[in-house]
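Please open the model in your viewer and keep the sequence panel beside it, since the stops below are given as selections to make one after another.

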Amino acid sequence: MDDRNLMQDILLLEKGVCDLYMHGAIESSTQNINQTFKTALNESLCMQDDIYKKMESKGWYQTEQAQQDKINTLKQKFTNMQ
């Protein structure tokens, strides 16, 4: 397993952890538990961002620029839903 595959696996795991913490926060029954999940979620989101930035700097995670017409279409769609 090379570094790129290892980082991809770590990124996927971190995204999964974020998902679990988010659901924990949504389903928590007390303010104390809710805050604990929110804190853990925020820390995991920061780690996910760090991993993404490292992968991007090595050219392992590429994103494409959204086309303005697609952005406008989505804006209009969600504006009409309100």
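Begin by selecting Met7, Leu11, Glu14, Cys18, Gly24 and Ala25, which are the buried residues of helix α1 in what is, it should be said at once, a predicted model. Leave them displayed and bring up helix α2 as well, because α2 is included in what covers the buried residues of α1.

Next, colour the two helices separately, taking residues 3–27 for α1 and residues 31–57 for α2, and look along their packing, where the axes lie 9 Å apart and make an angle of about 160°. The two helices are therefore roughly antiparallel to each other, the cut-off for that description being an angle over 145 degrees. If you turn the view so that one helix lies in front of the other, you can follow α1 as it passes α2 in a left-handed crossing. Colouring the residues of this contact by type gives 16 nonpolar, five polar and four charged.

Now hide α2 and consider α1 alone, whose 25 residues reach 36 Å from the first C-alpha to the last, a span close to the 36 Å expected at 1.5 Å a residue.

For the last stop, select arginine 4, which also belongs to helix α1; is this residue buried, partly exposed or exposed? Its relative accessible area is 37%, so arginine 4 counts as partly exposed. Finally, draw a distance from the C-alpha of arginine 4 to that of methionine 22, a residue 18 places away in sequence, and the viewer should show a separation of 27 Å in space.

Conventions. Residues numbered from 1 in each chain as written. Predicted model: local features only at pLDDT ≥ 70, side-chain atom pairs only at ≥ 80, totals over all residues. Heavy atoms only, no water. Axes fitted to C-alpha atoms, helices over the stretch in contact; angles between N-to-C directions. Helix = DSSP H or I, 4+ residues; strand = E, 2+ residues; numbered from the N terminus. Parallel < 35°, antiparallel > 145°, perpendicular 65-115°, else oblique. Left-handed = near helix turned anticlockwise from the far one by under 90°. Nonpolar A, V, L, I, M, F, W, Y, C, P; charged D, E, K, R; others polar. Expected span 1.5 Å × (residues − 1). Buried < 20%, exposed > 50% of the residue type's maximum accessible area, 1.4 Å probe, protein only. Contact = heavy atoms within 4.5 Å.
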